[in-house]
Amino acid sequence: MGIFATLSPYLNRRVGLNGSMYLMLFIIGVATILRGFYSHYVALFISAVFIGIAIAVIGPLLSAMIKQNFPERSTSVIGVYSFGMGVGSTLGAGLTTVFFHQTGSYPFALSIWAVLSVVGIVFWRLSIKGKVRLKQKEKSEPAKLKPVSISPWRPKKAWLFLLFFGLQASSFFCIITWVVPIATDANMTLGQASGLLSLMTTIQIVLNLIFPIIYERFPKRTFWLLLFLVMGLIAIGFLWTGEPTFMWISAFFMGIPLAGLFPIALLFPLDETETADETNAWTAMMQTGGYIIAGVLPLFIALIYDWTGNHHYTLFIFAMLFSTMILLTFMIGDREKKVAQQ
């Protein structure tokens, strides 16, 4: 998802938004359904690669489409987007287990999700008519005064966005991956530890839809980011105690930053750019580096734990992630004036 996000602007210019979306949804559907016929490790790995590429391309395209079609309500629509991702991923993980228990076939439980690719194609067809391309330049803007688009690889702010997105994605993947092992190491049962994760993700899903609506009315990005990050540090402190009561409180508190950070990170390129094509390029750049960072850090934590056998180091890394994001928040600053103009 990180490496291939850079394909998004290229495909948009070559085959357009519609063509790119249909192609990527088709790839996801084919790669998913093949898991029902070929379930060995190599097949699963190859299908994961193609699904990852397709998701990498779709993400920036959706952000750009939101910028172009909903310029005045982009914050709320990003909320719907992130809410859908949260609900979909949670239901997918839970229902896959249900399908497996009902059929006794793990390949079927994995491949049945290809149906959603068909549903996605149908709904995309109903939602968007005609040949759609992302706008590259405002008509009223003199060509000599400003270039067609601003490369995201040059501005310092784009790199700050990349780092922040990478760290918030890393915090999400690391916490979701390691909260259960941390809890079981603290003598909680597997059922109790799974309950912590369920509480955390439930709060995240609900607030994923609520927070962007609040952002639209109170658009101070810095305030919200600092609030979420401080709450995250408090949650890590509670988790560090190893006391069951405090760990339940930690799960509640941690669900809040996990819900709030992702939508704001998605809004960074929309706030900074003026056209949908620029939004596509900036989002692709941000997610390229961001998901590469997010892919490495959970593995890094695993290596540290293998070496030390102590999850105190894991929690220290969590705290460093949130602390670094606080620093980046001050460096990025607010974009509330630009949001108000949209």
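1. Quick notes on this one. Of the 342 residues in the chain, 48% are buried. Keep in mind that we're looking at a predicted model.

2. On overall shape: the C-alpha trace spans about 65 × 50 × 35 Å along its principal axes. A compact globule with 342 residues would have a radius of gyration near 20 Å, and the chain comes in at 21 Å, so the two agree. The accessible surface is about 16,800 Å², and carbon and sulfur atoms account for 70% of that.

3. The fold is helical: 12 helices and 0 strands. Read from the N terminus, the elements go α-α-α-α-α-α-α-α-α-α-α-α. As for how the chain folds back on itself, take the contacts between residues at least 6 apart in sequence: 81% of them join residues at least 24 apart.

4. Now the inside. The largest nonpolar core has 82 residues, and the ones with the most contacts inside it are Phe164, Phe228, Met254, Leu261, Phe318 and Phe322. Helix α6 puts in the largest share of this core, with 15 residues.

5. Phe164 is worth clicking on. Leaving out residues up to four places away in sequence, Phe164 touches Leu225, Leu229, Leu261, Ala265, Phe268, Met325, Leu328, Thr329 and Ile332. One of those partners, Leu261, is also on the list of residues with the most contacts in the core.

6. Helix α11 (residues 312-332) deserves a look too. Its 21 residues should span 30 Å at 1.5 Å a residue, and the end C-alpha atoms are indeed 30 Å apart, so the numbers agree. Its buried residues are Thr314, Leu315, Ile317, Phe318, Ala319, Leu321, Phe322, Met325, Ile326, Leu328, Thr329 and Ile332. When you look at that spacing, remember that an α-helix has 3.6 residues a turn, so residues three or four places apart point the same way.

7. What do the buried residues of α11 pack against? They sit against α6 (156-185), α8 (221-241), α9 (244-272) and α10 (276-308). On the α6 side, Phe164 touches Met325, Leu328, Thr329 and Ile332, among others. Just after α11, Gly333 takes a positive phi of about 75 degrees.

8. One more backbone spot to check: Asn187 has a phi near 75 degrees, a positive value in a residue other than glycine. Where is Asn187 found? Asn187 lies in the loop between α6 and α7 (190-217). Is Asn187 buried or exposed? Asn187 counts as exposed because its relative accessibility is 72%, and the cut-off for exposed is over 50%.

Definitions and conventions:
Residues numbered from 1 in each chain as written. Predicted model: local features only at pLDDT ≥ 70, side-chain atom pairs only at ≥ 80, totals over all residues. Heavy atoms only, no water. Helix = DSSP H or I, 4+ residues; strand = E, 2+ residues; numbered from the N terminus. Expected span 1.5 Å × (residues − 1). Buried < 20%, exposed > 50% of the residue type's maximum accessible area, 1.4 Å probe, protein only. Contact = heavy atoms within 4.5 Å. Core = buried A, V, L, I, M, F, W, Y, C linked by side-chain atoms within 4.5 Å. Rg over C-alpha atoms; globule rule 2.2 N^0.38 Å. Areas by Shrake-Rupley, 256 points an atom, 1.4 Å probe, with all protein chains shown as cover.
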